[in-house]
Amino acid sequence: MNAFQRFEGVLHAEAVSLIDLAAEFGTPCWVYSRQAIEKAFDEFQRELPDSALVCFAVKANSNLAVLDVLARRGAGFDIVSEGELRRVLAVGADPRRIVFSGVGKSVAAMELALQHGILCFNVESAAELERLNVVAGRLGQVAPLSLRVNPDVDARTHPYISTGLKENKFGVAYAEARALYRQAAALPHLVVDGIDCHIGSQLLDAAPFTEALDKLLRLIDQLTDDGIELRHIDLGGGLGIRYHDEQVPTVEAYLRPLLDKLAGRRLRVLLEPGRRLVGNAGVLLTQVEYLKASEIKNFAIVDAAMNDLARPALYGSWHQIVPVLTRREDAGTWEIVGPICESGDFLGHQRQLALAPGDLLAVLSAGAYGMVMSSNYNSRPRAAEVMVDGRQAHLVRRRESFDDLIRGEQCLP
Ligand code: LLP
């Protein structure tokens, strides 16, 4: 069952009306469904052997309540910064379920991760390997690592979120990985634990994943010849969701061929899904401020903007925008735009909607890469976040105040 459904014409999150949520928490406001997050997580768990670990990519939605819901369900976490590490520790996540990705890990972040004993560092370069060895040595520790290998496959997604091609900054080149593994195995404060790859985001085709896995398996066999035995394989994230009318693979269709290829190998499977776990579990609730007709276009100016949901402005992404309460009047064609002083500030172009000032709209599929990418541009306080759980709505991050906006700033003496 979809967590966002209409009852008597009114869009609800689980059993709570979005009209009631707007009245209680104001707009703009992010609304998440606990049930939808859990359901998405369970879809992965169902397909996987018990030994596997689903590490939620925290970057997709790092609200503590979201992390907590997933941690309680048994998720691990994929982090990319000290801040993300501190967030997952703050919800009491087990460090042995944390993997650390990213091309620019700082010394401080490495130290904190080592002190807490995380499961694995996904190392992305020779220079990082050296740094990790030094930092671990200084702490008298041995750091567990995977190399993030760039398999040079085309993920066939938006260039900004494609990461597995030679020209991308991510991972170590496939041709260099074997030598780097030997180097890692020889360093005193490192222990080779696994192999990792992540080829891109919002993938709608399962084929590039299997292509990447084939390459990784070839490398794993070469490593065995070198006497390097791996314990786990991390296949990254990247499985897409439906925003519009995309045909999206089921979790089963995505995982089955991968698990089949891994059958008979004693490799623990790790995954790093982000968007697929939370993307369709959240909406951005907004209110129409003004309608403004011009000769060429009709603008509906809403109270959410590109500082809230950056994806349309940044990638030209399409998010479905629906009225919370459907009107009977004929629909017009609207540009759904925010109050920010830039023409790139839009949430949707050419939408067919019947609108009046004061109407509530829901921007769908906004649970991933929504709030986490928001900013204070135009001195707009960041919106509230609410999580619905059955009949209950919980404020999980209060709306920012003016004091929040200027915190830490001061004038010259
Ligand atoms: N693992 C690594 C190493 C990653 O870099 C990412 C995402 C993930 C896992 C999770 O990927 P997912 O399952 O969510 O596709 N801001 C963009 C998406 C950027 C993705 C960055 N890396 C967007 O709004 O579409």
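## Two helices side by side

Helix axes here are lines fitted to C-alpha atoms over the stretch in contact, and angles run from 0 to 180 degrees between N-to-C directions. With that in hand, let's look at this predicted model, beginning with a helix pair. Helix H4 (residues 82-90) packs against helix H5 (residues 107-116) at an angle of about 25 degrees, and their axes lie 9 Å apart. Angles under 35 degrees count as roughly parallel, and H4 and H5 are therefore roughly parallel to each other.

Which residues make the contact? On the H4 side they are Glu82, Leu85, Arg86 and Leu89, while H5 brings Ala108, Ala109, Leu112, Ala113 and His116. Sorted by class, the contact of H4 with H5 has six nonpolar residues, two charged and one polar.

## Strand S11 and its partners

Now for strand S11 (residues 190-196). Is it largely enclosed or largely open? Six of its seven residues are buried, so S11 is largely enclosed by the rest of the structure.

S11 pairs with strand S9 (residues 143-150): the two run parallel and are joined by six bridges. One pairing to find on your screen is Ser146, whose bridge partner in S11 is Gly194. S11 also runs parallel to strand S12 (residues 232-234), with three bridges between them. There, Asp196 stands opposite Asp234 of S12.

## From S11 to S12

What links up with S11 and S12 to make a β-α-β unit? The piece to look for is helix H8 (residues 207-225), and the unit of S11, H8 and S12 is right-handed.

Technical notes: Residues are numbered from 1 along each chain as its sequence is written. This is a predicted model: local features need pLDDT of at least 70, side-chain atom pairs count only at pLDDT 80 or more; totals for chains, interfaces and linings use all residues. Side-chain values use heavy atoms; hydrogens and water are left out. Buried means under 20% relative accessible area, exposed over 50%, partly exposed in between (1.4 Å probe, protein chains only). Helices (H or I, at least four residues) and strands (E, at least two) are DSSP runs, numbered from the N terminus. Two strands pair if DSSP finds at least two bridges between them. A crossover is right-handed if, with the strands pointing away from the viewer, the path from the first strand over the helix to the second runs clockwise. Angles under 35 degrees count as roughly parallel, over 145 as roughly antiparallel, 65 to 115 as roughly perpendicular and the rest as oblique. Contact means heavy atoms within 4.5 Å. Ala, Val, Leu, Ile, Met, Phe, Trp, Tyr, Cys and Pro count as nonpolar, Asp, Glu, Lys and Arg as charged, and the others, Gly among them, as polar.
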